[in-house]
Amino acid sequence: MRLLIPGPVTTQAAVRAAAALDYAPWDNDFRNLIARLRGRLLALAGGRPGEHTALILQGCGHFALEAACRTLVPPDARILLLKTGQYADRFERLAQEIGRTVIGLPIPDDRPADPAELHAALAADETLSHVALIYSETSTGLVHDVPALAAMAGSLGRRVLVDAVSAFGALPVDIGALPMVDAVVSTTNKCLEGLPGASVTVARTDRLEAAAGRAGSWSLDLHDLYRHQLHAPGVFRFTPAAGVLVALDVALGLLEEEGGPRARLARYAANLNALYDGVQRLGLRPYLPRAVQGPIVMNVHAPGDPAWDLQLFVDALKRRGTLISNFHNTLRPSFRIGCIGAVTPDDMRDAVDAMGAALTEMRVANREAA
Ligand SMILES: *Cc1c(COP(=O)(O)O)cnc(C)c1O
């Protein structure tokens, strides 16, 4: 089955095979693998050894986002959150649930955020100490210019947290060039093309050092995790998803072989192009104009035909070997297709053919937006 969802993604057989063995997390071979893996992740994020560190935490992206927020954002901080879509909403809930104050800056869902609007919001309110950015907003498919937005926040003396969960591994991340960024958070199973089950945070060591006792949690305390790693490199505090991490190491090797994030981004962009063209040929209407459509996930307006039914469409595609999400998270009804994972433009063309066949089978004649 070909997964065309924005995580977990289709993976290569070698990645899955690595997880099909038993590992003892406290074994010296495993410890060495983790120590090396953290070094690879740090380099991938442009982190500077000593100034930054890569931390691996059990659990998916939300766990690492919460851990970063608990550890790196003081309770009296005021976070300006760019409200770019549903993943920004999730960050807001996550931060509020742990007692952090979030002020939302609404961003329209049909264009990337403009650094000038961030400047205006920060200039108008001195009390805003932090800025939270979603790099690739997985609900809309828009990619926001995190390097430019972070630099703007930094020029006004603000600290920055980046949710790069659907970006890291493909979109450029260079935390070494962005000293105002305290942490970049990601997961193993999106653009890194590993399996789900663990998360990656690349953070500033000075900020981690300064965060003793702040998290209000032991399991989600990145300060504690950092201290533990200094003292016992490659050893986890609690049982890790060991197979997932060995698989991630294999996935990072494949990323290097492909030519790194730049080459991966080019493949995802080619995937998107094949999909965007194909969807239009079927008479369907893309949710976003091509000029602002990001390369990670694409939303397509649900057809206006009364025969349209998302679950039936998903089932019909599944019978043809492609799995897509059976929900939408846009304002108007849509369906979404992921362009990430171990898939190529040929896979996207096959998926478009399957969509055409499914729509014909369902007798969806009117394909204009509902
Ligand atoms: C996938 C995703 C997350 C985290 O999702 P998990 O299911 O917790 O891994 C967070 N932010 C963005 C932008 C995402 O795409």
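This report describes a predicted model, beginning with the ligand and its surroundings and then turning to single residues elsewhere in the chain.

## The ligand site

The ligand sits in the largest pocket. Around the ligand are Cys 60, Gly 61, His 62, Leu 65, Tyr 87, Ile 134, Ser 136, Thr 138, Asp 163, Val 165, Ser 166 and Lys 190. By residue class, this shell divides into 5 nonpolar, 5 polar and 2 charged residues. Helix α3, which spans residues 61-72, gives the most to the shell, with 3 residues.

## Polar contacts to the ligand

Oxygen atoms of the ligand have polar atoms of the protein at short listed distances. A polar side-chain atom of His 62 lies 2.4 Å from a ligand oxygen. For Lys 190, a polar side-chain atom is 2.7 Å from an oxygen atom of the ligand. Gly 61 takes part through its backbone: a polar backbone atom of Gly 61 is 2.8 Å from a ligand oxygen. On its own the ligand has 380 Å² of accessible area, and the protein covers 87% of that.

## Two residues with side-chain contacts

Ser 139 is located in the loop that runs between β6 (136-137) and β7 (142-143). Its relative accessibility is 2%, so Ser 139 counts as buried; the cut-off for buried is under 20%. The side chain of Ser 139 reaches the backbone nitrogen of Gln 86 at a distance of 3.0 Å.

Asp 182 belongs to strand β9. Asp 182 is buried because its relative accessible area is 1%. Its side chain makes a polar contact with the side chain of Arg 159, at 2.5 Å.

## Backbone exceptions

Most residues other than glycine have a negative phi, and most peptide bonds are trans. The residues below depart from one or the other of these patterns.

Gly 7 and Pro 8 are joined by a cis peptide bond, with omega at about -10°. Pro 8 lies in the loop between β1 (2-3) and α1 (13-18).

Glu 193 is not a glycine, yet it has a positive phi of about 60°. Its place is the loop between β9 (181-187) and β10 (198-204). With 4% relative accessibility, Glu 193 counts as buried. Arg 363 is another residue other than glycine with a positive phi, in this case near 60°. Arg 363 is in the segment after α12. Is Arg 363 buried or exposed? Its relative accessible area is 69%, so Arg 363 is exposed; the cut-off for exposed is over 50%.

## Asp 353 in helix α12

Asp 353 is part of helix α12, which covers residues 345-362. Asp 353 is exposed because its relative accessible area is 55%. Which separation is found between the C-alpha atoms of Asp 353 and Val 279? These C-alpha atoms are separated by 9.5 Å, while the two residues are 74 residues apart along the chain.

## Summary

In this predicted model, the ligand occupies the largest pocket, and 87% of its accessible area is covered by protein. His 62 and Lys 190 each place a polar side-chain atom by a ligand oxygen, at 2.4 Å and 2.7 Å respectively. Away from those contacts, Ser 139, Asp 182 and Glu 193 are buried, whereas Asp 353 and Arg 363 are exposed.

Note on methods. Residues are numbered from 1 along each chain as its sequence is written. This is a predicted model: local features need pLDDT of at least 70, side-chain atom pairs count only at pLDDT 80 or more; totals for chains, interfaces and linings use all residues. Side-chain values use heavy atoms; hydrogens and water are left out. A residue is near a molecule or strand if one of its heavy atoms lies within 4 Å of it. A polar contact is a pair of N or O atoms within 3.5 Å; within protein, one must be able to donate a hydrogen and the other to accept it, and residues adjacent in sequence count only if both atoms are side-chain atoms. Accessible areas come from the Shrake-Rupley method with a 1.4 Å probe; for residues, only the protein chains shown count as cover. On a 1 Å grid over the protein atoms alone, a cavity is a set of points where a 1.4 Å probe fits but cannot get out, and a pocket is an open set with protein on both sides within 12 Å along at least five of seven lines; lining residues have an atom within 4 Å of a point. A molecule sits in a cavity or pocket if more than half of its atoms lie within 2 Å of its grid points. Helices (H or I, at least four residues) and strands (E, at least two) are DSSP runs, numbered from the N terminus. Ala, Val, Leu, Ile, Met, Phe, Trp, Tyr, Cys and Pro count as nonpolar, Asp, Glu, Lys and Arg as charged, and the others, Gly among them, as polar. Buried means under 20% relative accessible area, exposed over 50%, partly exposed in between (1.4 Å probe, protein chains only).
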